[in-house]
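Work through the following exercises with the model open beside you, and try each task before reading its solution.

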Amino acid sequence: MDSDLRYDSNTDRSLYSEKDRYNISALFNHELSDAVEFYAEGSFYRSKSTRVREQSGPLSAVPLGVLSSAYYNPLGATTLLDGSPNPNRLDGLGSGVSDSGRDLLLENYRVIDAGPRSITVSKNTYRVVAGLKGDLWGWDFDTGFLYSQANTTDLARNRISSSLLQDAINRNDATAYNPFNGGCLDNVNVGDCTPSNAQVLEDISIDVFRKGETTLALADFKVSRPDIFTLPAGDVGLAGGIEFRRETFLDDRDPRLDGTITFTNAVNGATNGSDVVGSSPTPDTSGNREVYSAFVETFVPLISEDMEIPLVHSLNLQLAGRFESFSDTSSTFVPRAAAAWTPFSGVILRGAWSRGFRAPNLIQVNDTGTTRSNSERPAVECVAELIKGIETDAGDCGTRSVVDYRTGDDLEPEKSQSINFGVVVSPAFIPGLTLTADYWRVKQTGIVGIFGAQNALYLDLVERLQGRSNPNVVRADPDADQLDLYAGTGILPAGDIIEILNPYRNLDSRVSKGFDFGVFYTVPDFGLGKFKLTLNAARLKSIYQTPGADGLPLLTELPDLLAAIPEVSAGSIATLRPEGFGEQLELDGRPKWRLSGSLNWRSGPVSVNLFGRYVGKIFDVGAVQDDTGAFYRVDDWFTMNASISYTINNDTALDGTRLKFGFNNIFDEEPPLSDELFGFDGALHSARGRQFRFEIQKKF
């Protein structure tokens, strides 16, 4: 359909949520003795956000069944169940539709006349800390207990039940819901000028909830001492500690989502674990984890200024290690080594090497089986259609809804190895100036994630071009039409996709490289107040993702297999390319350059601050140029904020009060266009235009 005739979902959608936030905290300290202090703190945070969203359409894999007896079925029976003529059956249907009518399947229908959804998210967070710290026998110590808990309720009002909507459509009288009208002739993009009756809209509307809870309990004991023994260059320091923590989570879904109340199609009997229009079934999930850990860190001065060694003003070494034992995955030990060399005053050369890890989160480990319905390009069928001349370009093959089945089991922590080298320069001839430059490289292995439904379909294409199949793409046996389609193509015949098995796994490896630069300058006071300049720049050099065993054929075999098909041209398959492998620089929100800077001027009670932020260009992999197949280029973006404040300093009750007035995005810069939900990349850019803010702060 022409996009100019489509419903404009933005008319029923909030760009930003309305939010209310409340926060209260308390601190308490008490010296039990000259050497030991008791401390405690508690906090409570509450937030509530509300927004509206357009109604969802049914998932393509979950159509609604419209019976021939449905009152508004235009291909229905000639007479209603009460024997009266059917006023809604179309005339002139011919022999293709008998007097008993035909059942229909309803896809991609959005219940606009029910109005938008209203979504409210409430969150309560509690945090309590208590402990002891002090100095015993020359050692600084800190031991304590922490408990935090977050409860979230996500309530979506005015959602639509698939079963109730199907029942309402299949009523046999004028109280039925009519899906065959709607829209507005005067403005086809907005609203519904011929809504169904209010009672039936109320009958099909439901509230849907999701409740979540996470907790963290932690107890630790840490000690440190700056002088466990002395070397010729100075004192050797040592720090160490042990820790225990317990993490839990609970994800409680509405009965219409978790499989308690399911949907059955009235025409073909197909079932779905979700009874909410537009939502995939998601089971309730919970899990917990216990972690024991220990760490040690030491500072070793190797050479000092007093030793008078040429070109070595000082040389210091830092060694550290951490061990963690998880109850639900393997244990891990990671070391770290860092050094700082000052060849002469004002210059520091620094470097570090370390290993790291990231344990899979509790959802990834405990997911017992979640299904998602996504629209993906049917790569196998598409290439067969190109060979047979049914289609001339892969971009015309369209997409199909597939069921993506995800589980989590037997995952290992992600591992990483990082190095960085840098220099810090503080020239004596420019007091107050510090320049920094660093190079860093991080290699990650065993990255936890899903292979992806589209990549699974590409792998199925690779396999079927060689007479095999991808077992994670579960298909029905091919019917006669499908056998005819694949005949003579060299592709192993494929039936309809039933589901794609897409478990969480330790998959690819990734190497990221880049440079960080900094300029920090505190201008010497020359009678006009204090000036401070800060500039930070990050240059991403490369981020290369190497596929694992399943992904490797998509890079090494798929291009050659497609190039060997004489009926398929390179231009016609430009859009048949896997995503997430190879060089990712400037793709998926990874710009080459990010810069930020601030300039502050302070004179007595007055302070003025300017802050600027720059994000470089990227390619949007979700939008492809029709003529070249190249990704769409998203422009760079620069915004600036400004503020001025005045602090009252006198002997009145207003002493210590600060008044602050500021502008955000003072040039009212719009975010660059991108193929995302609201037309911009929310991870990099913001649609908030020029804003004004006023603050009052009082210290007692």
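**Exercise 1.** Decide whether arginine 358 is buried, partly exposed or exposed, and establish which residue its side chain meets in a salt bridge.

Solution. Begin with accessibility: arginine 358 has a relative accessible area of 38% and is therefore partly exposed, where buried means under 20%, exposed over 50% and partly exposed in between, with a 1.4 Å probe and protein chains only. Before going further, note that this is a predicted model, in which local features need pLDDT of at least 70 and side-chain atom pairs count only at pLDDT 80 or more, whereas totals for chains, interfaces and linings use all residues. Residues are numbered from 1 along each chain as its sequence is written, and side-chain values use heavy atoms, with hydrogens and water left out.

Next, look for the partner: the side chain of arginine 358 meets that of glutamate 414 in a salt bridge of 2.8 Å, N to O, the criterion being a side-chain nitrogen of Lys or Arg within 4 Å of a carboxyl oxygen of Asp or Glu. Because arginine 358 belongs to strand β14 (residues 347-358) and glutamate 414 to strand β17 (residues 414-425), the pair ties together parts that are 56 residues apart in sequence. Helices (H or I, at least four residues) and strands (E, at least two) are DSSP runs numbered from the N terminus. Finally, compare the two ends: glutamate 414 is buried, at a relative accessible area of 7%, while arginine 358 is partly exposed.

**Exercise 2.** How many salt bridges does a search of the whole structure find, and which parts of the chain does the pair of arginine 127 and glutamate 41 link?

Solution. The search of the whole structure gives 28 salt bridges. One of the pairs is arginine 127 with glutamate 41, whose closest N and O atoms are 2.6 Å apart. This pair links distant parts of the chain, since arginine 127 is in strand β5 (residues 117-136) and glutamate 41 in strand β2 (residues 36-53), 86 residues apart. Both partners are partly exposed, arginine 127 at 33% and glutamate 41 at 29%.

A further pair joins arginine 468 to glutamate 463, with the closest N and O atoms 2.7 Å apart; here arginine 468 is partly exposed at 41%, but glutamate 463 is buried at 16%. Salt bridges also link Glu243, Arg245, Glu247, Arg289, Arg322, Glu324 and Asp328 in a network.

**Exercise 3.** Which elements each supply at least two residues of the largest nonpolar core, and how many residues of α4 are buried?

Solution. First list the core, which is a set of buried Ala, Val, Leu, Ile, Met, Phe, Trp, Tyr and Cys residues joined through side-chain atoms within 4.5 Å. The largest such core has 33 residues, and those with the most contacts inside it are Val383, Leu461, Tyr486, Ile491, Leu554, Leu562 and Ile565. The elements that each supply at least two of its residues are α4 (379-388), α5 (453-464), α6 (480-486) and α8 (558-563). Apart from this core lies another, of 19 residues, among them Leu106, Ile169, Tyr177 and Val277.

Then turn to α4 itself: 9 of its 10 residues are buried, so α4 is largely enclosed by the rest of the structure. The buried residues of α4 include Glu381 and Glu385 as well as Val383, and as a group they pack against β16 (400-406), α5, β20 (473-475), α6 and α8. Contact here means heavy atoms within 4.5 Å, and on that basis isoleucine 565 touches Val383, Ile387 and Leu465, leaving aside neighbours within four places in sequence. Just after α4, glycine 389 takes a positive phi of about 80°.

**Exercise 4.** Where is serine 279 found, and what does it contact beyond its neighbours within four places in sequence?

Solution. Serine 279 is in the loop between β10 (271-272) and β11 (285-303). At 15% relative accessibility, serine 279 counts as buried. Leaving aside neighbours within four places in sequence, serine 279 is in contact with Leu59, Arg159, Leu257 and Ser274.

**Exercise 5.** Put the whole chain in context: how many helices and strands does the protein chain have?

Solution. There are 8 helices and 32 strands, and buried residues make up 38% of the 700 residues. Among contacts in the protein chain with a separation of 6 or more, 71% come from residues 24 or more positions apart. The C-alpha atoms fill a box of roughly 105 × 70 × 50 Å, taken along the principal axes.
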